Amino acid sequence: MTVSSSTLLELAARYGVAAEFDDWTGRRTAIAESTLVAVLEALGVPAGTEQERAEALAAHDRQYWQRSLPPIVLGRSSVASSFWVHVTHGDPVDLTLQLEDGTERTGLRQLENNRPPYDLGDRLIGEATFELPPDLPLGYHRLRLRLAGHIVETPVVVSPACVGLPARLGARRAWGLAVQLYSVRSQNSWGTGDLTDLTDLAVWSAAEHGAGFILVNPLHAAAPVAPMEPSPYLPTSRRFGNPLYLRVEAITEFAAVRHRGRLRAARTAVNKRADRHPTIDRDAAWQAKRSALEHVYRVERSAGRELAYTAYRARQGRSLEEFAIWCALAERHGADWRAWPRELQHPANPEVAAFAEAHPDAVDFHRWLQWVLDDQLTSAQAAAEQAGMALGVMSDLAVGVDPGGADAWALQDVLALGVTAGAPPDEFNQLGQDWSQPPWRPDRLADQAYEPFRALVEMALRHAGGVRIDHIIGMFRLWWIPKGAAPNEGTYVRYDHDAMIGIIALEAHRAGALVVGEDLGTVEPWVRDYLRERGLFGTSILWFESDGSVGPPGQPLPAERWREYCLSSVTTHDLPPTRGYLAGEHVRLREQLGLLTRPADQELGADRAAQAAWLQELRRVGLLEDDPDPDQIVSALYRYLGRSPSKLLALSLADAVGEMRTQNQPGTTDEYPNWRIPLAGPDGRRLLLEDVFTDPRAAALSEVMAEITGHSVRAVM
């Protein structure tokens, strides 16, 4: 159904809501009027009738002219930009720019602006344009406008024009392990992989095989109550971490716990349970670990440790307080704040403060968990760098959060709660995807000068030499799905990508870190050019690199034509490991779950044709002979990555050990045990971390990565 209302189309355009888009096949698709109305209402804009639309357009004009300064002013180093100022028509403009270091600049150059004044009713408003100088230092500054009787301020963000490569990466390419940490535990873990296991994996891959980084799944916080959400991409908070990843014995105060033997016995019991359970049981692991952590928490801290804890609390400020309060409330009222008593449903309510005051120990326990998690994350990064990694840990930033979780509660004023984020149909998810996550409201983000987003990026880079940003194209536009609608009944909403990418670039520059954007799916062609211009890396998955077509089953794109500033790998966590992919498991699984839109034999036929084309490409470049076994094919595929100019290459740990099963099937929740598959070899036998370190297949494939990137430790020896 096409939209006939010109006022609705104009209103949608002003708020960045798409009335049409090009789908994954290149077909122009119109958006239903009902979708536009629902999405605008999620942005706080009533648009159901012509009168509401006309009033909303007039209100949009008034809001613009009532502002004396933009909500945020953006600049890039060495590039002049401009901003507008609104004052009563005929009044002088008195501007001061206060830099982050405290110094001030005046005398900003005014540019020509011939826009006529706007009649606000009681007065005429004039608009002037000023230049933001190109020589401003990087950082967060303040622009001040002196008016009669008061001063108006707005933040100024000056970001690097291009992030560039961290100096520590050097001129050579780097390779790293891509790890789903929860899936690989050691003999001393508590039922799931933890941060000590991450540290040991980093040291092994760096010291033995010259790895330059270790890419780990999002370590974001899950709700501290059962059932614990298994997906690392649907966290309760992206601002804080999941204590499930703590190694209890690595906390300083553990040494002073009485009856430590009982805690070790509890660890043994939960590991035996994990051995018997076919999938990962986070609830059992957390129950045992939480009990042990309570014992450690009660140990008196030294004076120095107490100072460190106090400093951590001060540094994290109100966001830590709100998160800890939410966790304590969740333990009493459940993990979905929307079902709590009404007076507890907003962090600013006095009843929330009264609860925190009445339950100080419960709240403090969750603050403390984040502090010791911060400690162990710091240690993991330090150990990775000391082992020789150029980047160390590469963190992973999920797209969004659980709508009932801690961040949605604390940040509800900047989230659109009447819609969910997702993706339109594409080749591998032909029904579309609903991620059940509330997206940022672009207008509210701007009103808060992107401060919540800045804090999120800063946290993601705090303990890492790099960050992978899932679905980075969501910084440009994001697929919004109205409540109750199917995934294919949504539309795109645009964001100020200059602001969001600029903040990412500035935070990465300050951290000396590298940024990888996962830019797969339906992507506007110019977006990848923009990311490259700003110095952010893209993502290439071998099976999706086709020549002149959108995704498989096109002809393979020759390696020399791949992108240079890119993290390239053979597979991803949303596909089976390579051995499983070669066996067609991704097609069979989607058929079994009813996720295909065409007959399975057609799907399998197309997949076999795509695989045959890749095998032919491997033979063409001399990496594969006739009648290869699966290990030889997997090795050849990774060697093919070495033929590309990509500066970063990733080896999936699942591929390294020959795992067959996928960790996640998009478009499902409990239909498949997503994010609950323990690491195993090709025979299905579960592997511990100690097994990985002695596994010939893992060593051989890791050495392939070392050789093709010029980091072979064996060659040096």
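Which residues, leaving aside its neighbours within four places in sequence, is Thr 192 in contact with? The points below take up that residue and then move through the helices, strands and loops of what is a predicted model.

1. Thr 192 sits in the loop that runs between β12 (174-179) and α4 (195-209), and with a relative accessible area of 1% the residue is buried. Once the neighbours within four places in sequence are set aside, the contacts of Thr 192 are Tyr 182, Arg 185, Asp 197, Leu 244, Ile 280 and Ala 285.

2. Helix α4, which follows that loop, has an axis that comes within 9 Å of the axis of helix α9 (residues 360-386), and the two cross at roughly 5°. Because of that angle, α4 is roughly parallel to α9. On the side of α4 the contact is made by Leu 195, Thr 199, Ala 202 and Val 203, while α9 contributes Leu 373, Gln 376, Leu 377, Ala 380, Ala 383 and Ala 384. Sorted by class, the contact of α4 with α9 holds eight nonpolar residues and two polar ones, with no charged residues.

3. A second helix pair is formed by α5 (residues 260-276) and α6 (residues 282-297), whose axes come within 10 Å and cross at roughly 170°, so that α5 is roughly antiparallel to α6. Leu 263, Val 270 and Arg 273 in α5 meet Ala 284, Ala 285, Ala 288, Ala 292 and His 295 in α6, and the residues of this contact divide into six nonpolar, one polar and one charged. Ala 285 of α6 is also one of the residues in contact with Thr 192.

4. Strand β25 (residues 648-652) is mostly covered, since five of its five residues count as buried, that is, under 20% relative accessible area. Both faces of the strand are covered, with Leu 648, Ala 650 and Ser 652 buried on one side and Leu 649 and Leu 651 buried on the other. β25 pairs with β12 in the parallel sense over five bridges, and in that pairing Ala 650 in β25 is the bridge partner of Gly 176. Strand β24 (residues 566-569) also pairs with β25 in the parallel sense, over three bridges, and here Leu 649 in β25 is the bridge partner of Ser 568.

5. Elsewhere, an open sheet of five strands shows mixed pairing and has the order β3-β11-β10-β5-β6. Its edge strands, each pairing on one side only, are β3 and β6 (104-105). Strand β5 (residues 94-98) pairs with β6 in the antiparallel sense over two bridges, and Leu 97 stands opposite Arg 105 in β6.

6. In helix α14 (residues 525-533), the residues Val 527, Tyr 530 and Leu 531 are buried. Seen down the axis of α14, the buried residues fall within an arc of 100°, so they line one face of the helix. The face turned away from that buried side carries the exposed residues Pro 525 and Asp 529. The buried residues of α14 pack against β3 (73-76) and α13 (497-511), and β3 is an edge strand of the open sheet described in the previous point. Just after α14, Gly 535 takes a positive phi of about 85°.

7. Pro 403 lies in the loop between β16 (392-397) and α10 (406-410) and is buried, with a relative accessible area of 17%. Leaving aside neighbours within four places in sequence, Pro 403 is in contact with Trp 337, Arg 338, Ala 408, Ser 436 and Pro 438. The C-alpha atoms of Pro 403 and Ala 416, which are 13 residues apart along the chain, are separated by 9.9 Å.

8. Some backbone details deserve inspection by the reader. Ser 436, one of the contacts of Pro 403, lies in strand β18 (residues 433-437) and has a positive phi of about 55° although it is not a glycine; Ser 436 is partly exposed, with a relative accessible area of 30%. Trp 675, in the loop between α19 (653-657) and α20 (689-693), likewise has a positive phi, near 60°, in a residue other than glycine, and at 5% relative accessibility Trp 675 counts as buried. Finally, a cis peptide bond with omega of about -5° joins Ala 226 and Pro 227, and Pro 227 lies in the loop between β14 (220-221) and β15 (237-241).

How values were computed: Residues numbered from 1 in each chain as written. Predicted model: local features only at pLDDT ≥ 70, side-chain atom pairs only at ≥ 80, totals over all residues. Heavy atoms only, no water. Helix = DSSP H or I, 4+ residues; strand = E, 2+ residues; numbered from the N terminus. Buried < 20%, exposed > 50% of the residue type's maximum accessible area, 1.4 Å probe, protein only. Contact = heavy atoms within 4.5 Å. Arc of directions from axis to C-beta. Axes fitted to C-alpha atoms, helices over the stretch in contact; angles between N-to-C directions. Parallel < 35°, antiparallel > 145°, perpendicular 65-115°, else oblique. Nonpolar A, V, L, I, M, F, W, Y, C, P; charged D, E, K, R; others polar. Pairing = 2+ DSSP bridges.
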